[in-house]
Amino acid sequence: MNDWDVAVVGGGLVGAAIAWGLAGIGQRVVVLDEGDVAYRASRGNFALVWVQSKGLGLPPYAMWTKGSSDGWAGFATELRAETGLDVAFERPGGFQLALSERELQARAATLRRLHNQPDMVAYPYEILDHAELARMLPEIGPEVVGGSYCPLDGHCNSLRLLRALHAGMFQRGATYAPDHKVARIEQRDGGFRIDAGGREIRSGKVVLAAGIANAYLAPMVGLAAPVRPQRGQIIVTERVRPFLRYPVSTVRQTDEGSVLIGDSVEEEAADDTTGTEVAAVMADRAVRMFPLLRRINVVRSWAAFRVMTQDGFPIYDQSLTCPGAFLATCHSGVTLAASHAKILAPQIAAGRLEAEMAAFSARRFDVSATL
Ligand SMILES: Cc1cc2nc3c(=O)[nH]c(=O)nc-3n(C[C@H](O)[C@H](O)[C@H](O)COP(=O)(O)OP(=O)(O)OC[C@H]3O[C@@H](n4cnc5c(N)ncnc54)[C@H](O)[C@@H]3O)c2cc1C
């Protein structure tokens, strides 16, 4: 006998979105979460719901990302109706700014390559010069030579998103079990037997959504999750009057008024501490983009680990040797939350990922391994 239809391992943004989606379609769900001692990308991200530049090398990822971005407004409305929590989603369009002609040309070339791919989903974007940018972003500095704009980009309050997903899954009848670090998973007796926090949990299906920890959990159920931690630092300022209506890829003003400056990309970092060397570079670029930031106080900074695959794309997989075991991991868990809840969760409930998800299987790495 299984106590639960589905056990979701990990209560970050990926696990919580899937659990909320599963509970909304009548599944009996338990979320097994290691707790506050774990590294959690979901508590340290930049909160963009971002479309532009996603999918170079894997056009289905561009389609998946756009689909989630399109579904975000309805998803946020549903969360608010259920939990009373406003996750402050806005989709005014977003910018990536260039501080030199070379950067701008490189940006334009990347987006051309992205959109010229066969089977690439069509969506609008523009490359703008300084004067065109200044009409939408009046506070930019003279060093900004131009940038890219995509009307599909947006942002939200991602800490509130995590809170809303937890409140929502609880209201939908899911059980959240903190301090339940999963040590072992076995398939037997028509389900999964999971050793979590010293208890045995019995479920019909299991979803691995444990971020970086998926790397060691996946082989327990015949899956592979080649993910690595990649550090990102973010600087947070005091709250100031609204001056930035649009999210910029490395500078955004939150719904509460503070400005987030981000986010570094650091490989092989030993831990999730911050450092002034990297912060100084980020702050310098941000001030050159928006000179008024020079007068604003920094109140804190943090670092967190992205959950990164070698090609940067997500992994969604189902086990061939342990049917009923699924894996979900990505480095854009804010952006993809709507599709995780609304599209991925029903497929998991049905016991099978649809054919279009095959592009995201970790088996794509086997091909390059044999070359
Ligand atoms: C600096 C930075 C900026 C980012 N910016 C953006 C952005 O702008 N937009 C965007 O879409 N995404 C962004 N991301 C990525 C986004 O935050 C992640 O994709 C997302 O949070 C991943 O969520 P997750 O649930 O997979 O992992 P995590 O948040 O890491 O959660 C994993 C969970 O699994 C639990 N766990 C671990 N091991 C076990 C175990 N053995 N048993 C049980 N539970 C376990 C942990 O307790 C944790 O709760 C950013 C990330 C970083 C670091």
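This passage describes the surroundings of the ligand and the second largest pocket in a predicted model. Because the model is predicted, local features need pLDDT of at least 70 and side-chain atom pairs count only at pLDDT 80 or more, whereas totals for chains, interfaces and linings use all residues. Residues are numbered from 1 along each chain as its sequence is written, and side-chain values use heavy atoms, with hydrogens and water left out.

The ligand is surrounded by 39 residues (each with a heavy atom within 4 Å of the ligand), and the closest are Asp33, Ser42, Val182, Gly333 and Thr335. By class, this shell holds 19 nonpolar, 14 polar and 6 charged residues (Ala, Val, Leu, Ile, Met, Phe, Trp, Tyr, Cys and Pro count as nonpolar, Asp, Glu, Lys and Arg as charged, and the others, Gly among them, as polar). A polar side-chain atom of serine 42 lies 2.5 Å from an oxygen atom of the ligand, while a backbone N or O atom of glutamate 34 lies 3.0 Å from a ligand nitrogen atom. In tyrosine 216, a side-chain N or O atom is 3.0 Å from a nitrogen atom of the ligand. Taken alone, the ligand exposes 1,000 Å², of which the protein buries 97% (accessible areas come from the Shrake-Rupley method with a 1.4 Å probe).

The second largest pocket (an open set of points on a 1 Å grid where a 1.4 Å probe fits, with protein on both sides within 12 Å along at least five of seven lines) contains about 330 Å³ of space. Of its 22 lining residues (those with an atom within 4 Å of a point), the closest to the centre are Leu159, Thr254, Glu256, Arg300 and Trp302. The lining comprises 6 nonpolar, 8 polar and 8 charged residues.

Conventions:
Grid points are joined across faces, edges and corners, and a volume is the space filled by probe spheres set on the points. A polar contact is a pair of N or O atoms within 3.5 Å; within protein, one must be able to donate a hydrogen and the other to accept it, and residues adjacent in sequence count only if both atoms are side-chain atoms.
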